[in-house]
Structure formats: structure tokens, C-alpha cells
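Trainee: Hey, I've just been handed this one and I've never looked at it before. Can you walk me through it?
Mentor: Sure, let's bring it up and start with a helix.
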Number of protein chains: 2
Amino acid sequence: MAKKKSPLSDEALVLVARRFAVLAEPMRLRLLQALFDGEMSVGALAEAAAGTQANVSRHLQTLADAGLVSRRKEGLQVFYAIADPSIFQLCELVCGSIDQQNQARAKVFQ
Amino acid sequence: MAKKKSPLSDEALVLVARRFAVLAEPMRLRLLQALFDGEMSVGALAEAAAGTQANVSRHLQTLADAGLVSRRKEGLQVFYAIADPSIFQLCELVCGSIDQQNQARAKVFQ
DNA sequence: TTCATGTTTGAGTGATTAAGCATATACTCA
DNA sequence: TGAGTATATGCTTAATCACTCAAACATGAA
């Protein structure tokens, strides 16, 4: 029995904004994109996303705090994986919207 | 003939991140929510979102720059309206994801 | 013209945060 | 035990950005 179409409370909007903020960093998007094909270790992610190990570790922590990725420790390494499949649709939606805007802009110049 | 599943370039990811950043502010989400029922003037939006006119005007500019809202001037007033319908699905997706996470968290405590 | 209203914009302040560097923690193996 | 590897974390710096106040701009009426 899901509620429908009622305006969100201020606290809910803060949560939504927070979720968007987590996705508002190119490095974190690179990490998520690298994880699209499956789980990876921090070191592998650092290499894939062309970042320092410390920085990547921090970003992964942010993603994990938001519940977007999961953490699995195995020996020395820590493997991260996408935990929220809605990420895929989210990125598709945004990319599609940006594409559409670009095409509309392109039409202005014929 | 849309391209599919290819990894996004760094510049594309920056654009996507920018789009998310625009949505990562509670005040802007409040404005968008107020606009869900149709176009509104800046003054009306300021009242609906409980913000100062100056601040609301700036946020509307940010939303307009991102192509999320459109601007229509009529006499003294300026009316804004949602220009990118993907916003609706975007918010639904994020809200659904947050809901799901909260329910999962709730289950942990039975 | 002058006045009033609605909107935008300039300047300044404070808060948030990404990134870098160094260090600390956790684990494995010899 | 100690050395080596993978990851996380203090701490600092620089940049970004939301917000406020005041002033500017734009439009319409008297």
C-alpha cells in the first residue's frame, strides 16, 4: 500500500538531495561505472578510475554510507559491489535526458 | 540508433555529475515539487518553498541553466515551469530506492 | 516623469567537501 | 616475532556554493 503523489516532507527532500549529492561527483560515477561489470577490490578500482588509493577509499566509503555499494572483506583486500540496482536506471534516465537536451540544442543550429 | 552500454567518457560523466549536483539541494527540490502542478511565478515559488526571493531566484536560475525548468516573462512577473519531464521519474526512482533501503533497515530490527 | 512592484544581481560570509600527504590499522606470511 | 601488502583515516588546503543584504534592473500605473 504505497503512498502516491503526496508532496514529500522537508526531511524526505533532504534525504533525496543527499542521495543526489552522492552521485554528483565524477570520481564516484567512475567508480560505479567500473563496478557495473561486477565487484572489484579497492586497488583495482583505484587503477580503473585513475585515482589515488586514499581518495578512492574515501569515495567508496561515501557510496557505502549511502547504501549504493556493498563491502566484502576477503583477506587483505576489500571488494565493493553495486548494492542498489536502481543506479542503472538512474544513470540511464539522466544520460537520456542530457542526450535529448543536446540534440535539441543541436537542432537550433540546424 | 542509440548507443548502448558503452562506458561513458570522462566529460560525459562530468555532465552527469553536474546534473545530479543541480538536484542535490533541498531548496531546489522544493521548487521543483512546487512546480509539479504547473507553472508559478518567482514570488509564489518563494512563498511555497519558504525562501527569500533573492535566493529562490538564484536557484531557479541554476535549474534553468540545467534545462530543468523554463522561463516565461509576463509583465512584471516571471513564470517558471518544469521543462524536463524526466524529473518525475528521477524523483520516483530515488524515493523508491530510499524507501526500499529504509524498509530493509527496519527489518533488521524485526 | 515619478512611484511601486517583481525579479535579478553584486559583494561578502560561512559551511561543506574533494584531494593530497602522511600515518595508522588490518591481515598474511616467513 | 617482524616485514610486507591492502585499506582506512587524521589533517590541511583550496575550491565550491548556499545564503543574506543591499542595490540594480525591468515593467506597468499614475
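Trainee: How many residues does helix 1 of chain A have, and how far does it reach?
Mentor: Helix 1 of chain A has 13 residues and reaches 19 Å from its first C-alpha to its last, close to the 18 Å expected at 1.5 Å a residue. The expected span is 1.5 Å times one less than the number of residues. Helices (H or I, at least four residues) and strands (E, at least two) are DSSP runs, numbered from the N terminus.
Trainee: Anything I should know about the model and the numbering?
Mentor: It's a predicted model, where local features need pLDDT of at least 70 and side-chain atom pairs count only at pLDDT 80 or more, while totals for chains, interfaces and linings use all residues. Residues are numbered from 1 along each chain as its sequence is written, chains are lettered from A and ligands numbered from 1 in the order in which they are written, and side-chain values use heavy atoms, with hydrogens and water left out.
Trainee: Back to that helix. Which residues of helix 1 of chain A are buried?
Mentor: L13(A), V16(A), A17(A), R19(A), F20(A) and V22(A) are. Buried means under 20% relative accessible area, exposed over 50%, and partly exposed in between, using a 1.4 Å probe on the protein chains only.
Trainee: And what covers the buried residues there?
Mentor: From chain A, the cover includes helix 2 and helix 4; from chain B, it includes helix 1, helix 2 (26-35) and helix 5 (86-108). That goes by contact, meaning heavy atoms within 4.5 Å.
Trainee: What about helix 4 of chain A, which residues are buried there?
Mentor: V56(A), H59(A), L60(A) and L63(A) are buried in helix 4 of chain A. Seen down the axis, they fall within an arc of 105 degrees, so they line one face of the helix. The arc is that of the directions from the helix axis to the C-beta atoms.
Trainee: Why would spaced-out residues end up on one side?
Mentor: An α-helix has 3.6 residues a turn, so residues three or four places apart point the same way.
Trainee: Which exposed residues sit on the face turned away from the buried side of helix 4 of chain A?
Mentor: R58(A) and D65(A). On the buried side, the cover includes helix 1 (10-22), helix 2 (26-35), helix 3 (42-48), strand 2 (69-74) and strand 3 (77-82) of chain A.
Trainee: What follows helix 4 of chain A?
Mentor: G67(A), whose phi is positive, near 80 degrees.
Trainee: Let's zoom in on H59(A). Which residues does H59(A) contact?
Mentor: Leaving aside neighbours within four places in sequence, H59(A) is in contact with E25(A), M27(A), R28(A) and L31(A). H59(A) is buried, with a relative accessible area of 12%.
Trainee: On to the DNA. Which residues come nearest to DNA strand C?
Mentor: H59(A) shows up again: of the 24 residues around DNA strand C, the nearest are H59(A), Q53(B), S57(B), R58(B) and R71(B). Near here means that one of a residue's heavy atoms lies within 4 Å of the strand. Sugar and phosphate account for 61% of the atoms of DNA strand C that come within 4 Å of the protein.
Trainee: What about its phosphate oxygens? Which side chains lie by them?
Mentor: A polar side-chain atom of R28(A) lies 3.2 Å from one, and an N or O atom in the side chain of R71(B) is 2.4 Å from one. A polar contact is a pair of N or O atoms within 3.5 Å; within protein, one must be able to donate a hydrogen and the other to accept it, and residues adjacent in sequence count only if both atoms are side-chain atoms. From the backbone, a polar atom of V78(B) is 3.2 Å from a phosphate oxygen of DNA strand C.
Trainee: Which element gives the largest share of the surface near DNA strand C?
Mentor: Helix 4 of chain B, with five residues.
Trainee: And DNA strand D, which residues are closest there?
Mentor: 24 residues surround DNA strand D, and the closest are G43(A), R58(A), R71(A), N55(B) and H59(B). The largest share of that surface, five residues, comes from helix 4 of chain A.
Trainee: How far are S57(A) and H59(B) from a phosphate oxygen of DNA strand D?
Mentor: A polar side-chain atom of S57(A) lies 2.8 Å away from one, and for H59(B) the distance is 2.4 Å, also from a polar side-chain atom.
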